[in-house]
Every structure is written in structure tokens, then in C-alpha cells.
Amino acid sequence: MVTAILREHPELALFLCLALGFLIGRIKIGTFKIGVVLGTLFAGILIGQLDIEIPGIVKTVFFDLFLFSTGYKVGPQFFQGFKKNAFPQLLLTLVICLSCLLVAYSVSTFLGYDVGTAAGLLAGAFSESTVIGTASDAISHLNLADAEKTRLINNIPVAYSVTYLVGATSFVFFLTAIAPKLLGINLVEESNKLAETITGETEYGPGMKSAYQRWIIRAYRITNEKWIGITISDFEKSISNKNIVIQRIRHKDQLIDPKPDTIIRKDDVLVIMALHGIILESLFSIGPEVLDEELLNFPLAHLDVTITNKAIDGLTVKLLRKKEFYHGLMLNKITRENHEIPLESRTVLNRGDILNLSGRPAKLEEAAKEIGYLDRLSPETDIIFVGLGIVLGGLIGLLSVTLFGVSITLTTSGGALVMGLIFGWLHSRTPVFGRIPEPALWIFDNVGLAAFIGLVGLAAGPSFISGLKETGFGILFAGVAVALIPHIIGLYFGRYILKMNPIILLGAQTGSGTSTIGLKAIQDASGSKFPVLGYTIPYALANILLTAFGPILVGMMS
């Protein structure tokens, strides 16, 4: 009964696959979480035993959405990576990814794997599920019988499912336990050394944040004669060089929004916004703190501003704070390519970074004009932008070149990735168009990929068991080899040739391996978030390289 319903209405099978896949993805084995990708693959394989057919175009639609959103997210950092100071990270990524391709090809050739198994090995060992799509598309264009193409394509998820598990777990173990010993370092000590120049904050789970507040607001009654009769501007300048801001004043029964030349009178109550340390160290002598709910009850905006102004690009946080337009604002956090980076006076700001600022609405809007684009938290997605990007990318992807007698094409999906990069970069420069809110981007990214992987599992389900038997247990060792050998090469190359800081190096290796799990593991092991400083640029480049390596590996193995 259930089987007949799912066969007659395959769309229900897809949504069942998503629901079950996300449920399986929550399962943890020790510190290893199965995750959505592997969960939906397992769910697809399980439901696929019922021999349910879904048109291939559905898979392509979801895959294109996923690839476009991936490019959109990493586009700003991808192009940012071509700046001179990012050269070591770019070179490291190139070495690791090329090593991955060559090791996957060598191991597959030595063990006699077919092209489908080789592609699954590359995809799983390096946690790059996009290879499944690009390699499948490349195989579908080979001059083979349809039955043989289907067999090869179905072998991809077989190899992927096995090697993803062993690849991810062995890579995390290598990063946290073996790599520090090979380098002769202690992760925590190295993080503390780096902390002498870069200060980060503890990361918390969703819905939680630190109880410590960098900026606080208090009301004080002015009774000390020293501060009576001077202007607001002089008061602010006299204490810690503009690290305080007077937001409001109560003068007798009047509530006043002060100007720089406003005179402070005896018994005026000042609403002071300042760094926590300034409140404790410098304000105790001006007069008693008071509770004035009416005075303290005023609107304070908390909004994101994307840096688009060339004059801000390259400034440190310290220099930004010295700008006249910044006065009166609080910088709460900096986000770069969906990852919060350490907020410290020496942190260098890049075009495309998102600054979370707090301040009076009018002041924040005034500053946003000097910094870039103020995100007004609209829930709307620019679908014109998304649709046009995928269409243009698809047209580019139809172009092909012939190398060594092998026709290589980006395919429509690869074109969507490339155009996502370009459109994401354009949006970071001119955010007035092309906005994709974070919830919508999550849908495109996570559901797009999960649906694609689930459909791959559904198609491969009937032949999965026989394919696994045919491949043999040697695929486990092959997965470990492809996962670790490139990173061992990268470790020594990055440390002794490129002279990279070991914490930044390990973060760059997680980016080169497109492993968010690895990034979290190295952050936990080192007790800091600093590895993310090496993660973003390699992650952006590795996504492009490894996606492109799918068709290249198919060409090499054919």
C-alpha cells in the first residue's frame, strides 16, 4: 500500500526522504554528527529500495539552487582572496586540492575502481558533495551505453557514503591529535600566543550569547564641579578619547537629545554609553548613578551594515572608531562569509564584511552612508537576481573546451556556481540589489543540497548493496588515504615553505578540505575561534576547484 502510493506520487517520497534525512542527520556518534548530507543520502538509499523513479530534472533544479547559493555566499571572499596578503592561503589551497585530485586518481587506478567509484571517493574523502553532481553530469555525457552510465553514476553515492564517514573522522583526528605533534606545538599555547595580537570571544550555540556586554548604558547625575559648565564634546573627549557617548540628558523636567556644544549643568542626568571598563574606571567620580526609566527608555537600533565603501576597505577597527561619523555607535561583531571573526582593534576590515552596529537610528543611518549598505532586515528575496543568475550561469556552463581529446564543460550546474560567485561579489559591492536573506539562503543551501543528495540516494537505492559488495572493504583505506595524504603535504608546505602561523594554517586546511566539522573541531581543541581567519578564503577557492575536479577526474579516468 505505502509502496504503491510512493511510486504513484514520487514527490511524497522526496519529502519523506528529507524528513527522515534531517532526523538521521541529528544523530551523534561520540563527537561526530552524521549531518544532513549523509543523513539524506542514507534516507534516500533506504527509501530507494522501493524502486521509486523521480524525473532527473528535479535533481538538477535543486542542485542548481544549491550551487548558486554556495557561490553567492563565498563570492566576496573568493575575489577578496586574490589580494596580495592572501597569496599563502590561495597557494596552500591549490596544493592541497591538486594533491587530492592526484591521490584520488592514483588510488582509484591502483585499486581498479571505475570512474563512478573514483568520483565518489573524491567527493566523500574531501567532504565535497558537489562533486557528485558535476561528476554525474560528466559521466552522462560519456560515449557509453545508457545502462553503463547508470551503473557508473549509481556507484558514486556508494563510494561517497563510505568514504565520507572515514574521511571526516580521520581528518578531524589528524587535525586535533596528529598535526600538532608533527608540528611540535600545543594548540592552546599557540592560540594564546596569537591572542596577544588578536582577541576573540567565546562562541555559543543558537539562542545564547555571552553574559558579558562590551558596551553598556548607564544614567549619572552630575554633582562633581569639575564637569559642570563644560560642553558635551569636551566631556566626551576628556574621558578615554571618545570611548564614551552621551545619548540623552535630563535637565530638570526636560529630556534633551544633546549636541556637541550642549552645556552640562549641575544635577543634569546624563545617559552615558561606554565600554564596560570605562564605566568602572572613569565615571565613578562624576556623580551618583541613578535609575531614570523615562530617560533611559529611548530607541536604540541594532542593524547590520555591509562595507562597500573603498575608503573603509583595509582599515583596522581602531581606525574606523576614530572616524567622525562612527562617534555614537557600538560595534558588536564582524561577520565575514557567514562566520564571525575576532573583534579586536587590529582586525582589518574587508569590503563585503558585515558590521553589526548599535546606536541611535538617525546616527546609525548617517554612518551607514559612509560605510556601505544598511540592511533594513527585509524578508524579501530578490528572485529576479536569483533566476537571472542561474540562467546566465547555465548558458555559460553549456560552453565546452577540448583538452587532450577530452571535452570538458562546466555544465549548467557548474555555470550556476560561477555566476553565484560573480553575483555574490556584485551584491557585496552594491547591496541595494540581489539580497537573499539568511533564512532563504539556508533553504537554498541546505534544502537544495539535501534534496539533491536524497534524490541521488533514491536513484542508487536498488543497486546500492550490490555496488558496495562489488567495491569491497578496500574503499575504507582508500578514503583515509585520499583524506589525509593531501593534508599531510599541505601541513608541511604551509608551515615550512609558506611560513604560516600554525593556528591559521590548520584553519586554512579545514577550508581547503571544505570541512566545517574540521573547523569546529580545531576551534574546540585550540580553545579559540582564531582558525576561522584561515578558513574563509581557502573554503571559497576549494569549493570552486573541487567542484571543477569532478568532470576533470571523469576525463582522466575515461
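The exercises below concern a predicted model of a single chain, each followed by a worked solution.

**Exercise 1. The chain as a whole**

Task: State how many helices and strands the chain has, what share of its residues count as buried, and what supplies its exposed area.

Solution.
- Step 1. The chain has 21 helices and 13 strands.
- Step 2. Of its 558 residues, 54% count as buried.
- Step 3. The exposed area is about 25,200 Å², and carbon and sulfur atoms supply 62% of it.
- Step 4. Take the contacts between residues at least 6 apart in sequence: 80% of these join residues at least 24 apart.

**Exercise 2. Confidence**

Task: Give the mean pLDDT of the chain, and find where pLDDT stays under 50.

Solution.
- Step 1. The mean pLDDT is 83, and 89% of the residues reach 70 or more.
- Step 2. Over residues 199–206 pLDDT stays under 50.
- Step 3. For residues 199–206 the model has 13 contacts beyond four places in sequence.

**Exercise 3. Two helices that pack**

Task: Describe how α8 and α18 pack, giving angle, axis distance and handedness.

Solution.
- Step 1. Helix α8 spans residues 146–183 and helix α18 spans residues 474–497.
- Step 2. The angle between them is about 35 degrees, and their axes are 8 Å apart.
- Step 3. The crossing of α8 and α18 is right-handed.
- Step 4. On the α8 side the contact includes A159, V162, V166, G167, F171, F174 and L183. On the α18 side, the contributing residues include L476, G479, A483, H487, L491, R495 and Y496.

**Exercise 4. The sheet of 4 strands**

Task: Work out the strand order of the open sheet of 4 strands, and explain why β3 and β5 each have one side without a neighbour in the sheet.

Solution.
- Step 1. The order is β3-β6-β4-β5, and the pairing is antiparallel.
- Step 2. β3 (215–221) and β5 (254–256) stand at the edges; each has a single partner strand, so one side of each is left without a neighbour in the sheet.
- Step 3. From one strand to the next the twist averages 20 degrees.
- Step 4. β4 (residues 244–251) and β6 (residues 269–275) run antiparallel and are joined by 6 bridges. I246 has I272 of β6 as its bridge partner.

**Exercise 5. The sheet of 5 strands**

Task: Give the order of the open sheet of 5 strands and locate β8 within it. Which residues stand opposite M330, K333 and T335?

Solution.
- Step 1. The order is β9-β8-β10-β7-β11, with antiparallel pairing.
- Step 2. β9 and β11 (372–375) are the edge strands, each pairing on one side only.
- Step 3. Direction ignored, neighbouring strands are turned by 35 degrees against each other on average.
- Step 4. β8 (residues 330–336) is mostly covered, with 5 of its 7 residues buried.
- Step 5. β8 pairs with β10 (residues 354–359) over 5 antiparallel bridges. Here M330 stands opposite S358, and K333 stands opposite N356.
- Step 6. β8 also pairs with β9 (residues 339–341), in the antiparallel sense, over 3 bridges. T335 stands opposite E340 in β9.

**Exercise 6. Two threonines**

Task: For T40 and T223, state whether each is buried, partly exposed or exposed, and list contacts beyond four places in sequence.

Solution.
- Step 1. T40 is found in helix α3 (residues 35–48). Its relative accessibility is 0%, so T40 counts as buried, the limit being under 20%.
- Step 2. T40 touches C17, L18, G21, F22, A450, I453 and G454.
- Step 3. T223 lies in the loop between β3 and α10 (232–238). With a relative accessible area of 34%, T223 is partly exposed.
- Step 4. T223 is in contact with I228, K266, D267, I286, G287 and P288. Between T223 and K266 the C-alpha to C-alpha separation is 6.1 Å, although they are 43 residues apart in sequence.

**Exercise 7. Positive phi**

Task: Compare K252 and D267 by phi, loop and exposure.

Solution.
- Step 1. Most residues other than glycine have a negative phi.
- Step 2. K252, which is not a glycine, has a positive phi of about 60 degrees. D267, also not a glycine, has a positive phi of about 70 degrees.
- Step 3. K252 lies in the loop between β4 and β5, whereas D267 lies in the loop between β5 and β6.
- Step 4. K252 is exposed because its relative accessible area is 68%, and D267 is partly exposed at 37%.

Methods
Residues numbered from 1 in each chain as written. Predicted model: local features only at pLDDT ≥ 70, side-chain atom pairs only at ≥ 80, totals over all residues. Heavy atoms only, no water. Buried < 20%, exposed > 50% of the residue type's maximum accessible area, 1.4 Å probe, protein only. Helix = DSSP H or I, 4+ residues; strand = E, 2+ residues; numbered from the N terminus. Pairing = 2+ DSSP bridges. Contact = heavy atoms within 4.5 Å. Areas by Shrake-Rupley, 256 points an atom, 1.4 Å probe, with all protein chains shown as cover. pLDDT = per-residue confidence, 0-100. Axes fitted to C-alpha atoms, helices over the stretch in contact; angles between N-to-C directions. Left-handed = near helix turned anticlockwise from the far one by under 90°.
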